[in-house]
Amino acid sequence: GVDIANLGTFSRNGIAILKKFCEISSLKASIRTEERWLQIEPDDLSVPEILAIKDVLWNKSSSETVLRAGQKSIDVASFSTLVEERYLDNFVIDVTILKFLQDCQGSKALYRSSETHAWLQTNHQFLCRKVGDEVLSNSREEEFDVLLCPLHMNQSHWGLIAIDLVGRKLMFDDGYKLQPDSSILPSMKYLLDVLHELRPNAQCFSSSFWSTADHFERFGMPSQNECDSTGQGSGSCGVGVTLAARDFILKGPTNAVCQVGWKYTQMRKLRKQLMIQIIAWASA
């Protein structure tokens with residue numbers, strides 16, 4: 001057996017039971033923090049809205065799908081990462097941005113999922129097929145004004161690449177003002193070359209303006225350094241990427257750059273609003 005101080009000696013089966021009790025204890029603690037987060041500071045949420053969030057968090061299986069967009073979906077486990085300062089996964093980011101894009105019929109934004117960076121490491125034929133099938137085929141537009149793509153950095157942080165196809169700017173920003181890996185810029189140029197190859201008649205890709213770019217410009221993402229005093233917003237890089245992408249989709253690049261109307265210090269309220277938006281999409 002295994003001897004654990006203050007708890008006793010456990011056989012192999014006993015350890016399995018103890019592990020289950022630990023999982024139950026962890027779940028109980030999570031529910032307590034979720035209850036506190038929702039009730040103590042309702043942040044203008046109505047009672048029915050709070051009850052709707054609780055219903056998804058507590059009355060459904062963790063693997064149950066909450067919202068789907070294309071081939072991606074948010075399950076209850078992913079939905080729960082919107083609570084407090086939990087770290088968002090790529091499913092929440094991809095699905096919510098795709099839903100914003102679907103809602104905004106007049107938008108000329110082109111969205112590439114976070115998986116595109118992995119596609120760029122494959123061969124040219126595979127990349128062309130994936131971009132054609134999963135990016136361009138989902139858009140009814142022939143011309144675009146902005147290309148958006150989340151970037152996962154250092155295995156623990158999210159930033160957003162935004163390429164202004166009208167103003168001819170390659171931009172990147174994040175809450176902590178980090179620098180993307182040196183391989184990202186040439187990868188993005190390669191992707192733009194592929195888009196030009198797939199849409200040779202599209203004016204937005206015809207100038208190959210990116211060929212001479214040697215760095216990314218900043219587009220004005222709010223700073224997470226302001227979160228140090230309270231902690232609110234310190235783990236919300238993924239939410240920031242989602243909201244920044246929403247701004248580009250709704251406003252276009254001209255009106256989105258350096259004109260952000262939210263802050264990371266407002267993240268408790270912004271996270272709750274995003275949860276309500278996901279529930280509204282799911283019930284539509």
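**Exercise 1. Find the helix that holds Ile24, and work out how this residue takes part in the surface.**

Solution. Ile24 is placed in helix α1, which covers residues 12-39. The model examined here is a predicted one, and the next step is to look at how much of the residue is accessible. Ile24 has a relative accessibility of 48% and therefore counts as partly exposed, since this class lies between the cut-offs of 20% and 50%. The last step is to look at its partners: together with Ile17 and Phe21, Ile24 makes a nonpolar surface patch of about 330 Å².

**Exercise 2. Determine how many disulfides the model contains, and explain the result for Cys227 and Cys258.**

Solution. A disulfide requires two cysteine sulfur atoms within 2.5 Å. For Cys227, the closest cysteine sulfur belongs to Cys237 and is 11 Å away, so the two are too far apart for a bond. Cys258 is likewise in no disulfide, as its nearest cysteine sulfur, that of Cys227, lies at 19 Å. By this rule the count of disulfides is zero. As a further step, consider the surroundings of the two residues: Cys227 is buried with a relative accessible area of 1%, whereas Cys258, at 57%, counts as exposed.

**Exercise 3. Describe the largest nonpolar core, and list the contacts of Phe248.**

Solution. The largest nonpolar core has 53 residues, of which Ile53, Phe79, Leu82, Leu148 and Phe248 touch the most other members. When residues up to four places away in sequence are not counted, Phe248 touches Val146, Leu148, Leu160, Ala162, Met171, Phe219, Pro253, Ala256 and Val257. Another core lies apart from the largest one and consists of 30 residues, including Cys128, Ile163, Val194 and Ala202. In general, nonpolar side chains in soluble globular proteins tend to be buried together.

**Exercise 4. Locate Lys108, and show which residues it meets from elsewhere in the chain.**

Solution. Lys108 sits in the loop between α4 (90-103) and β5 (109-111), and with a relative accessibility of 36% this lysine counts as partly exposed. Leaving aside neighbours within four places in sequence, Lys108 is in contact with Glu141, Glu143, Phe144, Asp145 and Val146. The C-alpha atom of Lys108 is also separated by 8.9 Å from that of Leu147, although the two residues are 39 places apart along the chain.

**Exercise 5. Among the salt bridges, pick out three that link separate parts of the chain, and say how accessible the partners are.**

Solution. The structure holds 13 salt bridges. One of them joins Arg86 and Glu34, with 2.9 Å from N to O. Arg86 belongs to the loop between α3 (76-79) and α4, while Glu34 belongs to helix α1, 52 residues apart. Arg86 is partly exposed at 22%, but Glu34 counts as buried at 6%.

The second pair is Lys72 and Glu115, whose closest N and O atoms are 3.9 Å apart. Because Lys72 lies in strand β4 and Glu115 in the loop between β5 and α5, the pair ties together parts that are 43 residues apart in sequence. Lys72, at 11%, counts as buried, and Glu115, at 33%, as partly exposed.

The third pair is Arg218 and Asp174, at 3.0 Å between the closest N and O atoms. These two residues, 44 apart, are found in the loop between α8 and α9 and in the loop between β8 and α7, respectively. Arg218 is partly exposed at 31%, while Asp174 is buried at 0%. Finally, both residues are part of a network of salt bridges that links Asp173, Asp174, Lys177 and Arg218.

Note on methods:
Residues numbered from 1 in each chain as written. Predicted model: local features only at pLDDT ≥ 70, side-chain atom pairs only at ≥ 80, totals over all residues. Heavy atoms only, no water. Patch = residues over 30% accessible without salt bridge, like charges linked within 9 Å, V, L, I, M, F, W, Y side chains within 5 Å. Areas by Shrake-Rupley, 256 points an atom, 1.4 Å probe, with all protein chains shown as cover. Salt bridge = Lys/Arg side-chain N within 4 Å of Asp/Glu carboxyl O. Helix = DSSP H or I, 4+ residues; strand = E, 2+ residues; numbered from the N terminus. Buried < 20%, exposed > 50% of the residue type's maximum accessible area, 1.4 Å probe, protein only. Core = buried A, V, L, I, M, F, W, Y, C linked by side-chain atoms within 4.5 Å. Contact = heavy atoms within 4.5 Å.
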